[in-house]
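Trainee: Please take a close look at the salt bridges in this model. I would like one connected account of the pairs and their surroundings.

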Amino acid sequence: HVWDASTEAGPGASATRRPPLFRLTGHDGAVFAIAWCARTDAIASVSDDRRVCVWHVANALAAAPGGERSDEPAEKACAASWYAHTARVWACCWGADRTDSGGGRDVLTTGEDGRVRVWRVGALPNGVAPTARGALGAGVCNARVDGAEMLAELAGHAGKHVWCVAVDPAGRHVVSGGADGSVKVWPAPAA
């Protein structure tokens, strides 16, 4: 769900309970993490269905009946979806902004398979991205689908489970934390 955090709660709402603006549907399992990209107004989400979904807030608002608050699915908002790991995907964050060169944005994901993956999502001008739907079988991760491409795989944590990932504000370094008790600092992949 996406909520309006403004001071005006809207009709039928109280100070402690607000209805959502809309609900984004598309994952086939529990959603473990979400990240909002302020520059493009896009949301990335990851799930135990092994997929990444990229949503565009403007598209979701347009899909809501009359642009009003709704608990009805805003399924038209999903711009890209692909299998990112061979097991559950635990975390995501937005990485380097390559939109100035027409290259899109990077989405980083971590998974139960012990990997950090860096994905290039197609150009996101004005919150629009090409549609991508990954459709490979169980245990397979898409290295390239329309609208998204894996740029790098960062493997260095011992065992399974890389739980978290972040990118420094300048976009030069990737930091990951794993079940092995370590925090790894990696150079960010080049364009």
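Mentor: Buried means under 20% relative accessible area, exposed means over 50%, and partly exposed covers what lies in between. The model is a predicted one. On that scale Glu 153, with a relative accessible area of 37%, is partly exposed. Its partner Arg 117 has 7% relative accessibility and therefore counts as buried.

The two residues form a salt bridge whose closest N and O atoms are 2.5 Å apart. Arg 117 belongs to strand E7 (residues 115-121) and Glu 153 to strand E10 (residues 148-155), so this pair ties together parts that are 36 residues apart in sequence.

Arg 117 also pairs with Asp 113. In that salt bridge the closest N and O atoms are 3.4 Å apart, and both Asp 113 and Arg 117 are buried. These contacts are part of a network of salt bridges that links Asp 113, Arg 115, Arg 117 and Glu 153.

Another salt bridge joins Arg 51 and Asp 49, with 3.1 Å between the closest N and O atoms. Arg 51 is buried, its relative accessible area being 7%. Asp 49 is buried as well, at 11%. Both values fall under the 20% limit for a buried residue.

As for the total, the count comes to six salt bridges, among them the pairs Arg 117 with Glu 153, Asp 113 with Arg 117, and Arg 51 with Asp 49. As a general point, side chains of opposite charge can pair when their charged atoms come close.

Definitions and conventions
Residues are numbered from 1 along each chain as its sequence is written. This is a predicted model: local features need pLDDT of at least 70, side-chain atom pairs count only at pLDDT 80 or more; totals for chains, interfaces and linings use all residues. Side-chain values use heavy atoms; hydrogens and water are left out. A salt bridge is a side-chain nitrogen of Lys or Arg within 4 Å of a carboxyl oxygen of Asp or Glu. Buried means under 20% relative accessible area, exposed over 50%, partly exposed in between (1.4 Å probe, protein chains only). Helices (H or I, at least four residues) and strands (E, at least two) are DSSP runs, numbered from the N terminus.
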